[in-house]
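Hi everyone, thanks for making time this morning. I'd like to walk you through one model, so please have the sequence and the viewer open.

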Amino acid sequence: MKKLRIIVAGVLTAGALYAVGPSSATAAPTQALAPTGQALATGGWHSPSPVNTDLPLRVLARKHGLGFGTAVDVNNLTNDATYRELAATEFSAVTAENAMKWAELEPTRGTYNWGPADQLVEFARRNGQKVHGHTLLWHSQLPTWLTDGVADGSITPAELRTIARNHITTVVKRYKGKVRAWDVVNEAFTDGDSPVLRDTIFRQHLGENYIADALRWAHAADPKAKLFLNDYAIDNINPKSTAYYELARQLRKQRVPLHGMGFQGHLDLQYPLPIDAPQNLARFDRLGLETAFTEVDVRFFLPVDTYKEAGQVGSFNTLLQACLLTPKCVMFTVWGFTDKYSWVPGFFEGQGSATPMDENFQPKAAYRGLQQVLAVAADPNSRRGF
Ligand code: G3I
């Protein structure tokens with residue numbers, strides 16, 4: 001009952017705060033972050049309303065101590081001024097959509113392509129944003145010199161261990177103090193009712209403990225970075241998320257430096273809503289872990305209609321509410337903020353419209369829903385400290 005009283009009081013307070021309209025509660029943050037470019041010129045859709053929910057997502061999230069992020073394609077930062085403006089003004093966290101993956105960083109053995117990743121880290125510094133590093137070990141987007149070498153035996157298991165350790169150490173050391181957290185291992189478990197560790201080249205040749213090894217290597221390279229595991233289809237309580245819970249419990253028991261669990265949050269309207277996400281995140285929170293929604297988007301078969309739009313709003317809001325209900329859920333990141341560049345149409349034929357803004361960067365109902373949840377949610381929880 002006590003918690004309910006706090007929430008009710010919180011809502012009243014929040015309401016009072018935003019009910020005063022364009023006052024000190026709204027002037028400073030908007031001025032501080034007001035985009036000077038296209039985003040504002042298109043009619044200033046951050047126009048204060050009676051109950052002022054209409055502020056940038058990063059501003060609304062700040063009262064919860066929550067980082068609000070987006071995946072960023074570095075090419076778009078360079079080539080699209082509106083994309084660049086909105087990536088800066090709407091978000092307090094950025095994740096490299098591809099620039100920090102092994103194939104992009106080290107396309108040929110020993111030769112690193114640091115440019116795009118460095119550009120994102122500098123963009124984040126300039127815009128007061130934190131960087132979520134994605135990702136150190138993943139079975140996808142590996143450079144072919146590595147996968148071919150392992151496949152033909154020219155890279156032995158011992159050499160693979162050295163190569164993996166060197167990769168993690170080199171990358172994490174380069175961004176020491178500049179990357180808040182790393183997805184150290186991405187998508188380690190299989191799907192379905194009996195999840196097991198995927199049979200990746202790391203599992204095959206480094207053994208079951210490769211995850212603990214990778215976490216220790218990353219921790220040695222940057223002891224202050226928060227180290228995450230990250231996966232999809234684990235937003236609700238299911239065999240796969242429970243496999244992660246058991247793994248996290250074991251790793252923490254062995255004092256392996258695991259600090260967080262990333263729930264990708266790639267939702268599809270044809271599947272059930274992960275309505276027990278709060279209970280799912282709570283068990284990881286109780287292990288002492290940070291949690292984060294790291295790659296949220298909500299896809300569906302086109303064309304758009306009012307029902308699908310409502311389902312998309314509800315889906316985004318369900319995950320954001322689950323995060324706000326979890327004391328150490330520190331970050332909510334969308335996997336791209338505009339339909340103009342979303343990965344979804346290229347991977348799921350006939351599906352799309354998965355992000356909070358349309359292809360002309362206009363806010364969709366999903367964007368408005370996220371604003372409203374952030375604006376009215378009680379429990380301003382600075383414990384997150386993002
Ligand atoms: O960089 C090459 C370029 O040199 C080449 O000319 C071009 C054409 O082949 O391909 C480019 O690489 C593409 C890469 O994105 C960078 O644009 C790959 O083909 C393409 O497959 C890759 O797609 C990415 C996908 O991961 C790969 O699985 C998506 O952009 C990215 O959004 C998506 O993100 C993943 C997360 O990392 C992990 N969680 C799931 C999520 C969605 O799959």
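Let's start with helix H12, which is mostly covered, with nine of its 12 residues buried. Which residues are those? The buried ones are Tyr210, Ile211, Ala212, Asp213, Ala214, Leu215, Trp217, Ala218 and Ala221. Do remember as we go that this is a predicted model.

H12 itself runs over residues 210–221, and from its first C-alpha to its last it reaches 16 Å, close to the 16 Å expected for a helix at 1.5 Å a residue. And what lies over those buried residues? The cover includes three strands, S3 (130–137), S4 (179–186) and S5 (226–231). It also includes helices H10 (157–174), H11 (201–206) and H13 (239–253).

Before we get to the pockets, a quick word on confidence. The protein has an average pLDDT of 89, and 85% of the residues score at least 70. Residues 1–43 are another matter: pLDDT stays under 50 there, and the model has 42 contacts beyond four places in sequence for that stretch. Where pLDDT is low, the predicted coordinates should not be read in detail. So please go easy on that stretch in your viewers.

Now to the open spaces. The largest pocket has a volume of about 880 Å³. Its lining takes in 38 residues, and the ones nearest the centre are Tyr232, Ala233, Gln264, His266 and Arg299. Two or more lining residues come from each of H13, strand S7 (266–268) and strand S8 (290–301). You'll remember H13 as part of what covers H12. For those of you thinking about chemistry, the lining of this largest pocket splits into 15 nonpolar, 12 polar and 11 charged residues.

The second largest pocket holds about 240 Å³ of space. It is lined by 17 residues, with Val121, Tyr175, Gly177, Lys178 and Val179 closest to its centre. Which element gives the largest share of this lining? That is H8, with five residues. Helix H8 covers residues 115–126, and S3 and S4 join it in each supplying at least two residues. By class, the lining of the second largest pocket has nine charged, six nonpolar and two polar residues.

Last come the enclosed spaces. How many cavities of 30 Å³ or more turn up in a search of the whole structure? The search finds five, and I'll show you two of them.

The largest cavity holds about 70 Å³. Its lining includes Ala71, Asp73, Asn76, Tyr83 and Glu97, along with a run you can pick out easily in the sequence: Trp335, Gly336, Phe337 and Thr338. Tyr341, Ser342 and Trp343 also line the largest cavity. That lining counts six nonpolar, four polar and two charged residues.

The second largest cavity has about 50 Å³ of space. Strand S3 gives the most to its lining, with three residues, while S4 and strand S9 (329–334) also each supply at least two. Among the residues lining this second cavity are Lys130, Val131, His132, Arg180, Ala181, Val330 and Met331. Its lining divides into eight nonpolar, one polar and two charged residues.

If you'd like one thread to follow afterwards, try S3 and S4. Both are among the elements covering H12, both help line the second largest pocket, and both help line the second largest cavity. Thanks for listening, and I'm happy to take questions.

Methods
Residues are numbered from 1 along each chain as its sequence is written. This is a predicted model: local features need pLDDT of at least 70, side-chain atom pairs count only at pLDDT 80 or more; totals for chains, interfaces and linings use all residues. Side-chain values use heavy atoms; hydrogens and water are left out. Helices (H or I, at least four residues) and strands (E, at least two) are DSSP runs, numbered from the N terminus. The expected span of a helix is 1.5 Å times one less than its number of residues. Buried means under 20% relative accessible area, exposed over 50%, partly exposed in between (1.4 Å probe, protein chains only). Contact means heavy atoms within 4.5 Å. On a 1 Å grid over the protein atoms alone, a cavity is a set of points where a 1.4 Å probe fits but cannot get out, and a pocket is an open set with protein on both sides within 12 Å along at least five of seven lines; lining residues have an atom within 4 Å of a point. Grid points are joined across faces, edges and corners, and a volume is the space filled by probe spheres set on the points. Ala, Val, Leu, Ile, Met, Phe, Trp, Tyr, Cys and Pro count as nonpolar, Asp, Glu, Lys and Arg as charged, and the others, Gly among them, as polar. pLDDT is the predictor's confidence in each residue, from 0 to 100.
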